[in-house]
Amino acid sequence: MFDPHGPIARSIATHGWWLLLMSIAVYLVVMVALLIALGRRRREIDDQPETTRRLTRNVSIAVALTVVILVGIAASSVVSGRGIYSPSGAGAVTVDVVGHQWWWDFQYHDVTPSDVFTSPNELHIPVGLPVVIKAMSTDVIHSFWVPNLMGKRDLIPGIVTNTWIQADEPGVYRGQCAEFCGHQHAHMALEVVAEPMNTFQAWIRHQREPAAEPATDEERRGKDVFMQSTCVTCHAIRGTDAGSHLGPELTHVASRLTIAAGTLPNARGHLAGWIANSQSIKPGNRMPPNALTPDDLQAVLAYVRSLR
Amino acid sequence: MSEFVHPVERRMTISAADEERLRTQLERTWYVPRGIIGWCSVADHKTMGKRYIVTAFCFFTFAGILAGLMRLQLAVPNNHFIGPDLYNQIFTVHGTMMMFLFAVPVMEALGVYLVPLMVGTRNIAFPRLNAFSYYVYLFGGVMLVVTMLLNTAPDVGWFSYVPLAGPDYTPGKRADFWAQLITFTEVAALAVSVELVATIFKARAPGMSLNRMPLFVWSMLVTALMVIFAMPSIVTCSSFLLLDRLVGTHFYNPAEGGDSLLWQHLFWFFGHPEVYIIFVPALGIVSSIISAFTWRPIFGYSAMVMSLVATGFIGFGLWVHHMFATGLPALGLEYFTAASIVIAIPTGIQIFCWIASLWRGRPRFHTPLVFVLGFFAIFVLGGLSGVTLASVPFDLQVHDSYYVVAHFHYVLLGGAVFPLIGGIYFWFPKMTGRLMDDRLGKVNFWLLFIGFNITFFPMHILGLEGMPRRVYTYPDNMGWNTLNLVSSLGALLLVVGGALFVYNVVRSYRWGLAGSDNPWGAETLEWSMSSPPPVYNFLHIPVVEGRCALWDRSADAPIVTGIRSDVREVLISDVMDAEPINVAEYPEPSIWPFLCAVVTSGFFIGSIFTPWALPVSILPLAVTLIGWFWPKKRDRERAIEEQDEDRRLHDAA
């Protein structure tokens, strides 16, 4: 939270520092008053009307100060809150953020229906521009949170809410689900990739393309295995017969940084383990183990790794 | 009752022999039954209060062990010691048990034990209801422990957000066990609250007008009223969930016109006051201890009472600060920011008044006061982090992160458990007649205090670094490793501290120094009788002459006479000035409340599995209730006959 890379996070961090410093100051004052009260040299119970009058005055001053500080906090909170509810400019891009148990789907809007595409678990945004986010969920409540860029926004089934995100410097920012959503709440992370506008647009153009055709024999065999096994019941690969959207789309899976919603780096070994028995990596996730022969597994790996 | 006379007389009119006869008779009238059936029939508030307290601490221990397991799992990243399925059950049961089976009941238990003694009456109002509520609470708690031991415990968090807890995403019975546990505790808590309000309003000793009531009694009154207003919301909330799960209603199903946010509003409308329901009694404990160990009344009595009452009201106006991230309109959020910040004012007033009390008095540093000072050090920090959480922008970052975990452990453990343990050290001599070991008590304090801060302070930083709550493990490269390990090591100290407390209780119970009636020289009425108190509490119902009942008592203080000692008669007084207006007869001990609780529990547990539990339990429930309320005029009529006989003989003579 105190390493902000976007306007929302920066405004919150500034406000947060003030709150924390104020709290520390108040804490110290109260503790010092308590210690003086305890350590005060006295022989007798101090019951003189003079003392009572002084204490009444001091307590009243303390209460008045408390009220002033609290009003200050409320005002500062409203001011910095107003700044983050709505973006400073028009959104460059609009993205639907859809929560699933336990992965994310980022659907990029476009006026041309065929140009709409989804990017599971990896949100790409152009640097320096606000991106409008439509938060929604298809199963339980999740919460979208990228600490370096913005605070939380719950994804609630049946309700669509708008918020926005913006990064000021290129980079990869990790996010994580913040609302308890069941078994694998702990392994529901995402990456936000902030890149310059031209790189971002190149990425968009690439994502809109259908999947790459297999180039080698092994990849072709892998595609056949994929299409004939249980994979197709949940996963879609655009440009092929696989069209189910229960699980993350795999059209450009090899271009992503991680697999299993930020759980593992996207490397061949991890992917092999994941396909063979994802339950040992992320127990309780929706993907069943796949009893493929070693040859078939290697072929599928080759094919999936070719989906750049 | 028109012939009722103002029954106040001066003490000297009673001879020693009369007093002895009265004592024997009261002992016979207010007897505590023995044997197994007798054990289940007890209706005495002291016995039930002690059972409540011991039971609550048993659940505290169980939930504490679960917390230890969680810290073990989180000590290192990517740990495989506990899997997600078990971990989710553990944190759910830990939270649920601490909130519903420890914190609220133990505070009410203290009220059950102390309030009748403090207001000067012989038993709690509705003593059979009191027994019933205890058994319902006990059976509900045992059910949760059993589900945990059978690996079928609820695993959806202590607030069971829908749709996750709904029928589609938590098949099986786990969430139903949670919903019914809530029903158990709702019934128990509502019953106790009604008893406390009735006792406080209607059974105060003459002279104890509202503006002379001890602050502890005020805090229990505010708590009980809060329970009465907050519980209906959670009753609705958990019943809807149960109906959704059991008979297929769609209260929370957005696909069928239901609303998943409805749950959060209903739950937090109860859930936030719940925090104050736990915390307000602790404020009463703190006031009792500070006044006893400075030998002065608390500074600013009226301000303290107003603050308690204000807390009770404002506590209902800030539930949405648990929902800042849901995307509600900005203006609404700002209102709840303001309300959440405002509640810091009454709390601040109380802190300042206590400091002023310590300033004016001459503190004696016995264990209870030391725990209260620990309360200051921890609670003020927790309160300040609470103020930061009230700010929407800041909350959006730290909401559902470990910062929140740190915050509420600071306010609940520091704000409620530290005063509670201090309170146990304080009232233990009254309950058992023996003092707890003071030196061990201080070691106990330092272990808990240091252990607590090592465990929970790092969590603030973890939250600010972005570690979310309720994760069963975390990646290696996030920079969270060291602080998590430190926190887990701190938990070890807490375990040792807890064990030492139990050891001190057991040891002192057997071999502790015998305490006098009023070992601390405290002010309130419970210190006026022997330790432990006799079954009838007061030989003579006292008349209160000032705000500090014992310190303001004159040498020839008046007492109440004219209350019958051969039946369980108590004085009923009016709400404002505690003027005696009536007498009432309390019921005898009875097995029926126990049987009724058994049937009720059977119904609650049965309805987890089938809606038929309702029609099937109606008949036995009716039988037990008829048994419970069966009028027993016999004793009273016999006594009246005897009296008439006496008068006839007297007239004849």
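**Chain contacts and helix packing in the predicted model**

In this predicted model, 65 residues of chain A are in contact with 66 residues of chain B. On the side of chain A that touches chain B, at least two residues each are supplied by helix H1 (7-39), helix H2 (49-85) and strand S7 (153-155) of chain A. Of the elements on this side, H2(A) gives the most, with 16 residues. When the residues of the side of chain A that touches chain B are divided by character, 37 are nonpolar, 19 are polar and nine are charged.

Chain A itself contains six helices and twelve strands. The radius of gyration of chain A is 27 Å, well over the 19 Å that the globule rule gives for 308 residues, and the chain is therefore more spread out than a compact globule. The extent of the C-alpha trace of chain A along its principal axes is about 95 × 45 × 35 Å. Of the 308 residues in chain A, 42% count as buried. Among the contacts in chain A with a separation of 6 or more, 66% are accounted for by residues 24 or more positions apart.

Within chain A, one pair of helices can be described in further detail. Two packed helices are described by the angle between their axes and the distance between the axes. For helix H4 (residues 217-228) of chain A and helix H6 (residues 294-305) of chain A, the axes come within 7 Å and cross at roughly 105°. Because angles of 65 to 115 degrees count as roughly perpendicular, H4(A) and H6(A) are roughly perpendicular to each other. From H4(A), the residues Glu218(A), Glu219(A), Arg221(A), Gly222(A), Lys223(A), Val225(A) and Phe226(A) take part in the contact, and they meet Asp296(A), Ala299(A), Val300(A), Leu301(A), Ala302(A) and Tyr303(A) in H6(A). The residues of this contact of H4(A) with H6(A) comprise seven nonpolar, one polar and five charged.

In chain B, attention is given to a single position, Val342(B), which has its place in helix H10 (residues 330-342) of that chain. Val342(B) counts as partly exposed, because 18 C-beta neighbours lie inside 10 Å, whereas a residue is buried if 20 or more other C-beta atoms lie within that distance and exposed if 12 or fewer do. Although Val342(B) and Ala390(B) are 48 residues apart along the chain, the C-alpha atoms of these two residues are separated by 9.9 Å.

Terms used:
Residues are numbered from 1 along each chain as its sequence is written. Chains are lettered from A and ligands numbered from 1 in the order in which they are written. This is a predicted model: local features need pLDDT of at least 70, side-chain atom pairs count only at pLDDT 80 or more; totals for chains, interfaces and linings use all residues. Helices (H or I, at least four residues) and strands (E, at least two) are DSSP runs, numbered from the N terminus. Two residues are in contact if their C-beta atoms, placed from the backbone, lie within 7 Å. Ala, Val, Leu, Ile, Met, Phe, Trp, Tyr, Cys and Pro count as nonpolar, Asp, Glu, Lys and Arg as charged, and the others, Gly among them, as polar. Axes are lines fitted to C-alpha atoms, for helices over the stretch in contact, and angles run from 0 to 180 degrees between N-to-C directions. Angles under 35 degrees count as roughly parallel, over 145 as roughly antiparallel, 65 to 115 as roughly perpendicular and the rest as oblique. The radius of gyration is taken over C-alpha atoms; the globule rule is 2.2 Å times the number of residues to the power 0.38.
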